[in-house]
Amino acid sequence: MSNKPLFEVRILRHERINEQVRLLWLPKLSSFKAGQMVSISIAPDSSQRLYSICSGEKDSDIAILYDIKRDGFLTPKLDELLAGNSLWVSAPFGSFTDFVKGSWFLASGTGIAPFYSLFRTNPEFVGKLVHGGRDESSFYFMNELTETLGENYIRCSSRGIVKDTFHGRVTEWLQGAQLADAATKYYLCGSAEMVVDTRDVLISRGVDYDKIISEIYF
Amino acid sequence: METLFGKTLQELVVIVKEAGLPSFTSKQIADWLYKHHISEIDEMTNISKKGRDYLKSKFVIGLANPVNVQASIDGTKKYLFKSGDHRFIEAAYIPDDDRATLCVSSQVGCKMGCLFCMTGKQGFQGQLTVNEILNQIRSLPEFHQLTNVVYMGMGEPFDNLESVLKSTEILSSDWGYGWSPKRITVSTIGIIPAMREFLNKSSCHLAVSMHSPFEDERRKLMPIENVYHISDVLSLLKEYDWTGQRRVSFEYILFKGVNDTPKHINELARILNGFKCRVNLIRFHSIPNSPLEPSDEETIQFFKTRLNSKGVLTTIRASRGQDIYAACGLLSTKELVKRQEED
């Protein structure tokens with residue numbers, strides 16, 4: 001929900017990532033910081049929704065990663081749009097941005113978007129990236145992330161056995177993981193349930209709540 | 001089957017038109033629902049049998065009694081209502097001298113993930129309908145004693161704005177319960193677009209959960225700060241006139257060593273300087289496995305005194321129902337876990 005001033009743009013590309021997830025490419029209206037979001041609407045006077053930017057700061061266009069919610073207001077309509085169609089987009093905003101080098105980034109589903117944006121911008125900032133998804137098709141940027149981050153890119157698959165992937169949720173992986181030193185920050189992004197559960201695990205394992213920064217999709 | 005209770009007059013007009021009933025019937029139905037407090041469509045005795053039969057073929061009234069209640073020694077009662085098969089919401093009845101306040105829920109669970117909140121630990125399970133919001137009020141055994149309603153139970157009201165606005169419209173309209181909007185307070189964590197819409201469309205009081213005047217600290221307590229800054233919330237509020245009867249208050253839970261220092265007092269006084277509002281200090285009701293602790297009584301009193309001396313009207317909310325899972329979301333979480341274990 002948002003009501004930011006919107007600007008009309010034409011969709012550049014619309015990529016199918018898997019059955020449920022799409023990557024929507026739009027012209028970059030202004031610079032932004034990794035972790036920021038934009039507000040999107042299919043018409044200038046229609047309801048707006050917020051999406052984290054998924055592309056890097058230096059990419060020439062911006063990308064939005066979205067999950068099609070069949071009973072949702074916007075995403076089924078977004079899914080029908082083609083390159084060249086109009087969309088209304090706000091300037092980037094939000095302060096989930098001051099990422100500290102070497103931090104841990106934990107996401108589920110499309111919650112990886114702000115961290116992938118950071119990875120595209122400053123991969124050396126990513127101490128560890130833990131991504132939870134249902135199955136292999138949920139690990140959208142697997143090849144690129146594996147190539148650069150190696151063992152510091154951890155995939156957690158909640159359904160089905162996937163090669164080189166932890167079988168279970170992010171919270172289950174965290175329970176057995178050797179955590180970083182006390183100064184390390186943890187950035188979380190995903191559904192409220194994932195963020196709250198992950199934060200609880202981190203706190204129960206001795207991480208100071210002060211070191212945990214969350215972005216929740218609502 | 002769809003419920004009639006919770007329909008606005010505008011929605012009843014549509015229903016009556018579709019039924020081919022005289023247009024004045026919509027007002028009659030509203031009277032039966034919200035003034036005569038009926039529980040069966042057949043009690044609408046001034047509506048034709050044909051009209052009642054039509055309504056019965058499409059609708060039920062849709063009232064549901066609470067499934068559980070816990071009573072505190074201080075008179076507070078926490079009622080548990082069902083929403084769907086396995087979901088529960090809480091409504092807290094808080095009598096106090098000549099006032100009786102009901103704290104209602106607007107969602108099952110919550111998406112906002114505040115660090116200090118028990119409801120957030122349930123995750124988000126669904127939106128409450130207008131019927132479910134108002135049913136907490138209407139089906140309360142103490143309904144006729146109520147003087148005030150606060151939307152401060154489970155959920156973020158402005159993440160379910162449409163239903164919340166319809167419910168306050170029904171409570172405060174002449175065709176509805178006819179309450180003064182000054183008896184109703186809606187609380188928010190600060191979702192700015194919805195807050196603006198609420199301020200434009202409603203005359204009810206507003207309460208904003210602040211909990212820290214510092215952005216970096218607030219976002220560790222409340223992830224919403226990453227999206228909507230408290231400074232922008234304040235800027236929006238200052239666009240509106242608060243010199244009349246409508247009130248805005250800031251809720252401030254005091255956490256030991258976190259947000260209860262002189263630095264916080266000074267910053268609160270600075271950002272609220274010249275703004276007609278009230279700060280409501282709240283004692284933290286501890287929740288399981290929380291890293292936060294309640295401030296001690298001496299600190300709370302000092303905080304209040306210093307803020308008042310700096311010109312910020314500050315009160316301390318009395319803690320109620322501490323022997324009955326006072327923290328919002330505790331009772332419903334226990335019930336949810338119990339049902340899941342039974343399944």
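Start by selecting Lys220(B) and Asp210(A): in this predicted model, the two form a salt bridge, with their closest N and O atoms 3.2 Å apart. Helices H6 (192–201) and H7 (215–221) of chain B each bring at least two residues to the side of chain B that touches chain A. H7(B) provides the largest share of that side, with five residues. Colour the same side by residue type and you should find 16 nonpolar, six polar and nine charged residues.

Now widen the selection to the whole contact. How many salt bridges are counted between chain B and chain A? The count is three. Polar contacts across this interface involve eight residue pairs, with both partners at pLDDT 80 or more. Chain B puts 31 residues into the contact, and chain A puts in 25. The area buried between the two chains is about 2,300 Å², and carbon and sulfur atoms give 58% of it. Highlight Arg219(B), Lys220(B) and Asn226(B) next: these residues supply 27% of the area that chain B buries against chain A, more than any other three residues.

From the interface, turn to the nonpolar cores. The largest has 127 residues, and the ones touching the most other members are Met44(B), Leu206(B), Leu237(B), Phe250(B) and Leu272(B). Show helix H5 (residues 192–204) of chain A as well, since this helix gives the most to that core, with six residues.

Centre the view on Phe250(B). Beyond its neighbours within four places in sequence, its contacts include Leu234(B), Leu237(B), Leu272(B) and Phe275(B), along with Arg278(B) and Asn280(B). Another core, of 29 residues, lies apart from the largest one; among its members are Trp25(A), Ala113(A), Leu118(A) and Met142(A).

Stay with chain A and pick Asp61(A), in strand S6 (residues 61–67). Is Asp61(A) buried or exposed? Asp61(A) counts as buried because its relative accessibility is 18%, and the cut-off for buried is under 20%. With neighbours up to four places away left aside, Asp61(A) contacts Leu12(A), Arg13(A), Trp25(A), Leu26(A), Pro27(A), Lys28(A) and Ser55(A).

Back in chain B, select Val16(B), which sits in helix H1 (residues 9–19). Val16(B) is buried, at a relative accessible area of 2%. Draw a distance from its C-alpha atom to that of Phe5(B), 11 residues away along the chain, and you should read 14 Å. Setting aside residues within four places in sequence, Val16(B) is in contact with Leu21(B), Pro22(B), Ser23(B), Thr25(B), Ser26(B) and Ile29(B).

Several of those partners lead to the next stop, helix H2 (residues 25–34) of chain B, where nine of the 10 residues are buried. The buried ones include Thr25(B), Ser26(B) and Ile29(B), as well as Asp31(B) and Trp32(B). What covers them? Show H1, helix H3 (49–58) and helix H5 (161–172) of chain B, which are among the elements covering the buried residues of H2(B).

For the last stop, go to Ser202(B), in the loop between H6 and strand S11 (205–209) of chain B. Ser202(B) counts as buried, at 9% relative accessibility. Which residues does Ser202(B) touch, not counting those up to four places away in sequence? Display Leu165(B) and Arg246(B) to see the contacts of Ser202(B).

Note on methods: Residues are numbered from 1 along each chain as its sequence is written. Chains are lettered from A and ligands numbered from 1 in the order in which they are written. This is a predicted model: local features need pLDDT of at least 70, side-chain atom pairs count only at pLDDT 80 or more; totals for chains, interfaces and linings use all residues. Side-chain values use heavy atoms; hydrogens and water are left out. Contact means heavy atoms within 4.5 Å. Buried area is the accessible area (1.4 Å probe) that two parts lose on being put together, summed over both. A salt bridge is a side-chain nitrogen of Lys or Arg within 4 Å of a carboxyl oxygen of Asp or Glu. A polar contact is a pair of N or O atoms within 3.5 Å; within protein, one must be able to donate a hydrogen and the other to accept it, and residues adjacent in sequence count only if both atoms are side-chain atoms. Helices (H or I, at least four residues) and strands (E, at least two) are DSSP runs, numbered from the N terminus. Ala, Val, Leu, Ile, Met, Phe, Trp, Tyr, Cys and Pro count as nonpolar, Asp, Glu, Lys and Arg as charged, and the others, Gly among them, as polar. A nonpolar core is a set of buried Ala, Val, Leu, Ile, Met, Phe, Trp, Tyr and Cys residues joined through side-chain atoms within 4.5 Å. Buried means under 20% relative accessible area, exposed over 50%, partly exposed in between (1.4 Å probe, protein chains only).
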